[in-house]
Amino acid sequence: MYAALGDVAAARAAFACLPERDVVAWTALVGAYADAGELGEAFELFETMQESGVRPDVISWNTLVSGFARNGDLRAALHLFDEMRLRGVKPGVNSWNCIISGCVQNARYDEALSIFCEMCESESPDAVTVASILPACTGLMALGIGKQLHSYVIRCGIKLNVYIGSSLIGMYSECGEFGYARSVFAAIEEKNATVWNELIRSYINEERMNEAWEAFRLMKENGLQPDTITYNSFIAAYARAGQKEQAYTLLSNMVEIGLKPNVVSMNALISGLHHHGRHADALEAFRYMQVSSDGEAKGWALPGNSIQPNGTTITSVLSLLTDLRLDRLGKEVHCYAFRSGLISNIFVSSKLVDLYGKTGDVGTADKVFRRISNKNVVTWNSILASYRQNRKPEIALKLFHEMIKSNLLPNLVTLQIALLSSGMTMALQHGRELHGYIRKNWPDGYPTALASALIDMYGKCGKIEDARLVFECTDEKDIATWNAIMSAYLLHRIPGEVKKLFKYIEQSGIQPDPVTFIILLSACKQEGSMEEARRYFYSMEDVYGIQPTLKHYTCMVDIMGTAGLLEESLELIQKMQLEPDGCLWSILLKACKLHSNLEIGEKAAKALFELEPNNTSNYMSLSNIYADNGLWESTEALRVAMTEQGLNVERQCSRLYLGTDVHTFEAGDSSHPAFEKILSTWNDLSDRMEQSGYPPQDIEPYSNAEADPLSCQHTERIALCYGLISVRVHDPIRISKNFRMCMECHSSIKFISRDMNREIFVSDGCTYHHFQNGACSCGDMW
DNA sequence: ATAGGGTTAG
């Protein structure tokens, strides 16, 4: 009795008074401790029972197994289940039910199903088994197995009770089989609130709100009171639809009829509104339940109620703060997660890695990542994406290999990030290895999303033919596939092919997306065909119903500005319905420089620095403009202004790819073992350039270690020299650097490509240069 | 003495 009441101490006292302790008494005590979550104690009692000569029977084992499983230690539960069989105790149907429901409760649906199959070899599943395994089918969207279980229930004459019935409705409704869901509902003789809730949810899932409310009314008519879960389902529906007022009305309705909104109600509000893009409203909902640092409730809208955030809350909120780039509040939530222990929730910790990665603090992202003990694929994907987004793709690739070594299987997202990272670093060999891996794991054709990522990778690695091959071999092309091949041609400066591909798109009736037009407009820019760009730009809305975004306007300003139509560009900016951003102004600024239009140029610069006072790259581009015009004093003034504002400029560095090895050359760093050789190689080249009549190269590659961070520090020359020494003669040299190349480097590499007869690729964050025979694919425009 | 359903999340 005490065990059932959850009073462990009383149960223990009662147990101590027993004159005789049989297996039933011992097991009851073990169960009491297991229920209380005191697993260590439960296990010790189990041992003590055996030491005192009482042999555990099958129910004792079941008690222990389910105790561990329910308290989240599935590993131990599985181990005990094996141990039981090793000790010659044959598991009964109940034992199988214990371990299966344990797996399901821990969301290990695949494991649950395989144990279920094992069970079917020796036992017949009963009503409890079916009710336990059905949620696994729902979780895996395994409609086929679910249907088989349904027919098993009918065939064996198992009564369609509320447990099996509600699980079946849930399964069918989750799999989109609403008709089946309704007929199961009709077949349940004694319906309870759960069954009605499932029916309502099936209507909500089908977006039939009128029927959902009709069911709500009928539920009451049949004498069943809607409960918190009923209301939460409606709240979630309205929040997802962005209907904040309706959702809040339901909250107060709940309170009026004496129901307490719980943490799920609030989570539904937060995540629903967030998904609908109502970020401010979602944040407001969280503030209602926010807890201050001393643990006191700051103010929950409904008096007398304070709802503690749980793992789901924190996950949703972190996701929201990431989208809003509110890293300061994110840190507060991080502290809260730490204090409350929610940090051990894998959803929470993965989201934290995401947050820090997306807000540019990859160092903290890495620290959080390292401390996660139960890393899964999503955790790894988060850290890989963080490094990639923070322009450290070579670390992303290194971690990818670490992940493989730790025996975790990469998923589609992992492979996408790895391919993107390979493309970014031009790590062709990595990319090829990934391609091999993908072919091996999807022998009958891989998902289209991976095809697009492969096309992107080959394009960025300079292998346009391979990109084309993957494109041609992809049967089910979606718009992303087309965009990928088009942007590969764009990268290789073959705008004619981009437009040709778009013609196919038009002819085959595929709907282009906003990205398609960015690529198209950029192709027009490469060709300098302004009229065509205009036509595409206006056809977006008129023909395809796509609203131009800021990026499209930026392309247009770029093209028109380059063509010298500065007044018209400014007009376009002023006429558009969108707020111009820094990027748009900086493009206009560049065009103004090109045509020496100081008047509009100053307007653009003023707007730019107002918008992004802390963006170092803006100063970079302005500095480049000054430098190109020989305005050294202005460059210096800019550098002083930046120092005064405490801005740090990212160190310049170039990377050279040798197979899967990456050599990094940072500005001012002469620690490379081949330093002397690099220097002498450069001196030789310098001499040869001078003899050939190239303009004198007055910049020593290592001389300006502490120099102005805004001027090019020519790290690509160092990388190139090392490449000339170490890359096999007929292999291309691949370099990527984090800043735009300067004019001098560009012309000297052109020279070297002819003089040394080498193929050289340089990606400089602005564009992609392919040097061959003294020419560059960028046509000297970048 | 053991086992069964529903709302929120990447």
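The following is a working chat about the predicted model of chain A.

Colleague: Before we start, what are the conventions for this model?

Modeller: The model is predicted, so local features need pLDDT of at least 70 and side-chain atom pairs count only at pLDDT 80 or more, while totals for chains, interfaces and linings use all residues. Residues are numbered from 1 along each chain as its sequence is written, chains are lettered from A and ligands numbered from 1 in the order in which they are written, and side-chain values use heavy atoms, with hydrogens and water left out.

Colleague: How many helices and strands are in chain A?

Modeller: Chain A has 41 helices and six strands. These are DSSP runs numbered from the N terminus, with helices being H or I of at least four residues and strands being E of at least two.

Colleague: And what box do the C-alpha atoms fill?

Modeller: Along the principal axes, the box is roughly 105 × 60 × 55 Å.

Colleague: What share of the residues counts as buried?

Modeller: Of the 782 residues in chain A, 51% are buried. Buried means under 20% relative accessible area, exposed means over 50%, and partly exposed lies in between, with a 1.4 Å probe and protein chains only. The accessible surface of the chain is about 37,300 Å², and carbon and sulfur atoms hold 52% of that surface. Those areas come from the Shrake-Rupley method with a 1.4 Å probe; for residues, only the protein chains shown count as cover.

Colleague: Which residues touch the most other members in the largest nonpolar core?

Modeller: They are I164, L269 and L588, in a core of 200 residues. A nonpolar core here is a set of buried Ala, Val, Leu, Ile, Met, Phe, Trp, Tyr and Cys residues joined through side-chain atoms within 4.5 Å. Another core, of 27 residues, lies apart from it, and its members include M689, L724, I733 and C778.

Colleague: Is L269 buried or exposed?

Modeller: L269 is buried, because its relative accessible area is 0%. This leucine sits in helix α17, residues 263-275.

Colleague: Which residues does L269 touch?

Modeller: Not counting residues up to four places away in sequence, L269 touches I235, A239, A247, Y248, L251 and A285. Contact means heavy atoms within 4.5 Å. With the corresponding exclusion of neighbours within four places, I164 is in contact with A127, V130, A131, L134, V153, I158 and K159.

Colleague: Changing topic, what does UniProt annotate?

Modeller: The unreviewed entry carries the annotation "repeat: PPR" for several spans, including residues 57-91 and 227-261. UniProt positions are given in the numbering used here, feature names are shortened, and annotations may be inferred rather than shown by experiment. In the model, residues 57-91 are 74% helix and 0% strand, with the end C-alpha atoms 10 Å apart. Residues 227-261 are likewise 74% helix and 0% strand, with their end C-alpha atoms 10 Å apart.

Colleague: What order do the strands take in the sheet?

Modeller: The six strands form an open sheet in the order β2-β1-β3-β4-β5-β6, with mixed pairing. Two strands pair if DSSP finds at least two bridges between them. β2 (661-666) and β6 (775-776) stand at the edges with a single partner strand each, so one side of each has no neighbour in the sheet.

Colleague: How many bridges join β3 to β4?

Modeller: Four bridges join β3, residues 733-737, to β4, and these two strands run parallel. The chain crosses between them through helix α41 (residues 743-755), in a right-handed β-α-β crossover. Right-handed means that, with the strands pointing away from the viewer, the path from the first strand over the helix to the second runs clockwise. R734 has F761 as its bridge partner in β4.

Colleague: And the pairing of β4 with β5?

Modeller: That pairing is antiparallel, over four bridges, with β5 covering residues 768-772. Y768 in β5 is the bridge partner of S763. Both faces of β4 (residues 760-763) are covered, with I760 and V762 buried on one side and F761 and S763 buried on the other.

Colleague: Where does A107 lie?

Modeller: A107 lies in the loop between α7 (93-105) and α8 (109-120). Its phi is near 60 degrees, a positive value in a residue other than glycine. Most residues other than glycine have a negative phi. A107 counts as partly exposed because its relative accessibility is 44%. R391, in the loop between α23 (377-389) and α24 (393-405), also has a phi near 60 degrees.
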